Amino acid sequence: MASCKSYLPQTYKHDERRFFMFKRTMIAASLAVAALASAQSMAAVVGGGATLPEKLYGTTTGTGILASSIPGFNAYIGVGSGDGKKAFFGNDSTKLKLAAGITVDYAGSDSIVSAAELAAYNADAVKGRAAFGPLIQIPAEATSVTVPYHIDGQTSLQLTSAQLADIFAGKITNWNQVQFNGTAGPNLQIKVVYRLETSGTTEIFTNHLKTVKPASVPAVSNSFATAVGFNPATGAPAGSSYIGATGSQGVATAVADNNGAIGYVSPDFSQFDQASAVASINGSLPTKDKVQLALTEATLPTVDPTKSVSNPIDWVPTFPNPAQGYPIVGYTNLVFSQCYKDSTDNIRIRNFLNRHNTGVNNSAVESHAFIPVPANWQKAILDTFYATTSSLRVGDPNTCNGIGRPL
């Protein structure tokens, strides 16, 4: 017996085919919407940059102090302060070694936002202040820049800031040019380990060296080559030896692997309180008390929470040559926009600001050999960028009316 379907009019068969095609399309569309909604619900705050604090912030999802806002931040991505700022200012996730098209919500940077970077952000109508709100830059924790060394048989190394500048500028090239306990050091070439990429650690380090001896280190820069005025790979001074390394871990490893080496890293990548591992500069090791002494010189910015804009540059003090304590210190910073279109990201960032500036993270900061931001600074940050009474707060509805970093 013939199928009933064979007796259907031809036009009905066409309509039936169209109906099933329509139904299949609708199902696919519904699945796509569901997938998108699921992806958005799983989205988190994305950022990275400076390698100096990466262990503290957490390099795997759910670890570190940024995960204190759970569900909150994706794993922090250490790529150096320079690329971190490029990722943030250009909203370019490829600078964080991610796929293109992912919104970058913040940057970690030891390198301070410059006046030129701020002006460019304020003038950018697509990826700047008009679209994403005013820029916010705050100190996250204080740090020393330690000077690890590797000289076989040597259990202490005392240098002056001037000697340090001459070593990294290639003017002192052999350890026998340095006095060790009143006698010349070994006849051993100095191997200077430096950061290849732009780095805020380099900026803090060269800020001090340039202040102390500009004839040797003529510029403050997050690029080591710019700071010393030559490319160590191709134009190093005669008799000098340089080893380029990527990231704080790369510098620490290169120093450990090369007899005669000296470098510069954050305390989290060194035995910062051990004379056998890091150099004493001007008589001080980078111990907590010596770093805190140097930080006492900072004064709070003048803040008016009724204003609609705060100058981000005012919020990060620098210490080119502190009068007391360990001399190579600075802050590692976080850079945000004031506005985010994703209300959940906005809440997560605010949660982090609240926790971090009410002392909740202080013990974790100290466990990684950093120094918490002083209590008066924490209060000022909280009052300015978190308090619901401040028009400068992250997510202020008047400032962020219809604008913000995209989903």
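## A four-stranded sheet

Tyr149 stands opposite Ile262 in strand E11, and this pairing offers a way into the predicted model described here. Strands E5 and E11 run antiparallel and are joined by two bridges. They belong to an open sheet of four strands, ordered E5-E11-E9-E10, in which the pairing is mixed. E5 and E10 stand at the edges with a single partner strand each, so one side of each is left without a neighbour in the sheet.

Within this sheet, E11 (residues 261-262) is also joined to E9 by two bridges, and these two strands run parallel; here Ile262 is the bridge partner of Val192. Ile262 of E11 thus has a place opposite Tyr149 as well as a place opposite Val192. E9 pairs in turn with E10 (residues 241-245), in the parallel sense and over five bridges, with Tyr194 opposite Gly244. Strand E9 covers residues 191-195, and four of its five residues are buried, so it is largely enclosed by the rest of the structure. As background, the strands of a sheet pair through backbone hydrogen bonds, either parallel or antiparallel.

## Helix H9 and the second largest pocket

Helix H9 covers residues 247-257, and its buried residues are Gly247, Ser248, Val251, Ala252, Ala254 and Val255. These buried residues pack against E5, E9, E10 and E11, which are the strands that make up the open sheet with the order E5-E11-E9-E10.

H9 also takes part in the second largest pocket, which holds about 170 Å³ of space. The largest share of its lining, three residues, comes from H9, while strand E5 (149-150) is also a supplier of at least two lining residues. The lining consists of Pro148, Tyr149, His150, Ala252, Val255, Ala256, Val265, Phe269, Ser270, Gln271, Ser276 and Ala277. By residue class, eight of these are nonpolar and four are polar, with no charged residue in the lining. Two of the residues in the lining, Ala252 and Val255, are also listed among the buried residues of H9, and Tyr149 in the lining is the residue that stands opposite Ile262.

## A six-stranded sheet

A further open sheet has six strands in the order E2-E1-E3-E13-E4-E14, again with mixed pairing. Strand E2 (77-78) and strand E14 (371-372) stand at its edges, each having a single partner strand, so one side of each is left without a neighbour in the sheet. E1 (residues 47-49) pairs with E2 in the parallel sense over two bridges, and Gly49 stands opposite Gly78 in E2.

## Individual residues: Asp83, Asn91 and Asn282

Asp83 lies in helix H3, which covers residues 81-89, and with a relative accessibility of 24% it counts as partly exposed. Leaving aside residues up to four places away in sequence, Asp83 touches Lys95 and Thr198. The C-alpha atoms of Asp83 and Thr94, which are 11 residues apart along the chain, are separated by 9.6 Å.

Two asparagines have backbone angles that deserve a look. Most residues other than glycine have a negative phi. Asn91, in the loop between H3 and strand E3 (106-109), has a positive phi, near 45 degrees. Asn282 likewise has a positive phi, of about 55 degrees, and is placed in the loop between strand E12 (280-281) and helix H10 (288-295). At 45% relative accessibility, Asn282 counts as partly exposed.

## The whole chain and its confidence

The protein has 13 helices and 14 strands, and of its 407 residues 50% count as buried. Among contacts with a separation of 6 or more, 73% are between residues 24 or more positions apart.

The mean pLDDT is 89, and 88% of the residues reach 70 or more. Over residues 1-14, however, the pLDDT is below 50, and this stretch has five contacts in the model beyond near neighbours in sequence. Residues 25-42 also stay under 50, and for them the model has two contacts beyond four places in sequence. Where pLDDT is low, the predicted coordinates should not be read in detail.

Terms used
Residues are numbered from 1 along each chain as its sequence is written. This is a predicted model: local features need pLDDT of at least 70, side-chain atom pairs count only at pLDDT 80 or more; totals for chains, interfaces and linings use all residues. Side-chain values use heavy atoms; hydrogens and water are left out. Buried means under 20% relative accessible area, exposed over 50%, partly exposed in between (1.4 Å probe, protein chains only). Two strands pair if DSSP finds at least two bridges between them. On a 1 Å grid over the protein atoms alone, a cavity is a set of points where a 1.4 Å probe fits but cannot get out, and a pocket is an open set with protein on both sides within 12 Å along at least five of seven lines; lining residues have an atom within 4 Å of a point. Grid points are joined across faces, edges and corners, and a volume is the space filled by probe spheres set on the points. Ala, Val, Leu, Ile, Met, Phe, Trp, Tyr, Cys and Pro count as nonpolar, Asp, Glu, Lys and Arg as charged, and the others, Gly among them, as polar. pLDDT is the predictor's confidence in each residue, from 0 to 100. Contact means heavy atoms within 4.5 Å.
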